[in-house]
Amino acid sequence: MWRDKNVILGITGGIAAYKSVGVARRLVEAGATVQVVMTAAATEFITPLTFAAVTGRRVRTTLFTASDEPIFHISATDNTDIIIVAPASADFIARMVAGLADDALAAIVLAAACPVLLAPAMNTRMWQNQATQDNILVVKERGIRTVGPAVGALAEGFGEGRMAEEADIVDAAEAMVKGKQTLKNKRVIITAGGTQEKIDIVRYLGNRSSGKMGYALATAAAARGAKVTLISAPTGLSRPADVEFVPVVSAEEMRAAVVKRYPKADIVVMAAAVADLRAADAAIGKIKKAQLGMLKLEPTPDILAELGAKKKSQWLIGFSAESSDLIRNAQGKLEQKKIDVIVANDISRNDIGLGSDFNQATILTADGKVNDTPRMSKQALAALIFDEYTPKA
Ligand code: CTP
């Protein structure tokens, strides 16, 4: 996997820097080209010569290049598949949050056009300090991944803050680099938007779903090589590239479009907010106000429950919009609808969910895992769902 891959391995100041020699060695042995970039503090712990010997390349420690060389922090990131910062010190993470570019590594990370993985390592109190915890949330929100830190032996004793093991760092990086093609040729169906159930010629029953989460999922799946069908209720969004786009309006139309493609699907993600009720008999013309109170409603089909009941090898991911008892309700839906993963949102918060560009989810799996994500962009959450909550090829 690592053949022909270009890695920038950033080393910041911390005692765990010596363990990064092992990370560099594993990557080089696996066939990657590894360019090491060290902060000044890192060179206090270990010499650039050590990394140069392991990687066979000159280590960069300064931002400035000779006038006849390309601008290093820009050219270095042009063909890079991943930047790994291990160890990532509290200070370096804080500088990233501020967008500083005051040394070679910070400038490279700021200029990065590729995925970035941090392996934080520091003293337990520094890790647990609210400033560091806040900074970690911010970088994650921006789509940067982290691995570790673990609980274990530290320079000053025992605690949380120990850098993740070399193999775990390389594994996490591998998943991110492979991320692009992990769904190669898989057939992925994604539903999005809020369905509209006709009452009469002018009125409908609907909801406030924007479709942003479903569209982000469609883009993320296509980027990973999947053959994506996006079945979308009306939204104000432009249709993503590289997907088969199926516009629908009602729950029944959405059901028909999903069910037809279901036998050949590998993964179905029901991100749509399907209206729960529809008019028992939609009127031809416009219903008079006085008669509206007599409107008879009936439930729409539960698409996800039907998919769960017919499930063969398909992987089913549902969403769960809750304003109370998030975990208990989501767990109930996971079991009743017989699905593999449910992504639960607290829609009573107005900084995430409906209409927002951000989301914060609690993700429950059929094998009993319950994980909270930080608040992050819907794109970052979509990537996380495909990278961590779909079966590995
Ligand atoms: N869903 C569906 N068909 C419906 C209703 C919901 O396929 N008629 C799917 C949604 O796309 C979502 C999941 O089921 O993936 C849960 O939807 P949600 O609205 O949270 O829950 P409901 O099942 O409608 O239950 P409730 O409204 O009571 O929370």
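**Ligand shell and strand pairing in a predicted model**

Modeller: In this predicted model, a backbone N or O atom of leucine 304 lies 2.8 Å from an oxygen atom of the ligand.

Colleague: Which side chain has an N or O atom 2.6 Å from an oxygen atom of the ligand?

Modeller: A polar contact is a pair of N or O atoms within 3.5 Å. The pair asked about joins an oxygen atom of the ligand to a side-chain N or O atom, at 2.6 Å. The side chain belongs to lysine 337.

Colleague: How far is a polar side-chain atom of aspartate 302 from a nitrogen atom of the ligand?

Modeller: Here the ligand takes part through a nitrogen atom, and aspartate 302 through a polar atom of its side chain. The distance between these two atoms is 3.5 Å.

Colleague: How much of the accessible area of the ligand does the protein cover?

Modeller: On its own, the ligand has 570 Å² of accessible area. Of this area, the protein covers 77%.

Colleague: In which pocket does the ligand sit, and which element gives the most residues to the shell around it?

Modeller: The ligand is placed in the second largest pocket. Two elements give two or more residues to the shell: helix H13 (303–310) and strand S16 (315–322). The one that gives the most, with four residues, is S16.

Colleague: How many residues surround the ligand, and how many of the shell are charged?

Modeller: The ligand is surrounded by 15 residues, and the closest are Met270, Ala272, Leu304, Lys333 and Lys337. By class, the shell holds eight nonpolar and three polar residues, and the number of charged residues is four.

Colleague: Which strands stand at the edges of the open sheet of five strands?

Modeller: The order in this sheet is S2-S1-S3-S4-S5, with parallel pairing. A strand at the edge has a single partner strand, so one side of it is left without a neighbour in the sheet. The edge strands are S2 (33–38) and S5 (145–146).

Colleague: Which residue in S2 does isoleucine 11 stand opposite?

Modeller: Strand S1 covers residues 6–11 and pairs with S2 in the parallel sense over six bridges. Opposite isoleucine 11, in S2, stands methionine 38.

Colleague: How many residues lie between S6 and S7 in their hairpin?

Modeller: Strand S6 (residues 150–154) pairs with strand S7 (residues 157–162) in the antiparallel sense, over five bridges. Within this pair, glycine 152 stands opposite glycine 159. The number of residues between the strands of the hairpin is two.

Conventions:
Residues numbered from 1 in each chain as written. Predicted model: local features only at pLDDT ≥ 70, side-chain atom pairs only at ≥ 80, totals over all residues. Heavy atoms only, no water. Near = heavy atom within 4 Å. Polar contact = N/O pair within 3.5 Å; in protein donor to acceptor, adjacent residues only side chain to side chain. Areas by Shrake-Rupley, 256 points an atom, 1.4 Å probe, with all protein chains shown as cover. 1 Å grid on protein atoms, 1.4 Å probe; cavity = no way out; pocket = protein on both sides within 12 Å on 5 of 7 lines; lining within 4 Å. Sits in = over half its atoms within 2 Å of the grid points. Nonpolar A, V, L, I, M, F, W, Y, C, P; charged D, E, K, R; others polar. Pairing = 2+ DSSP bridges.
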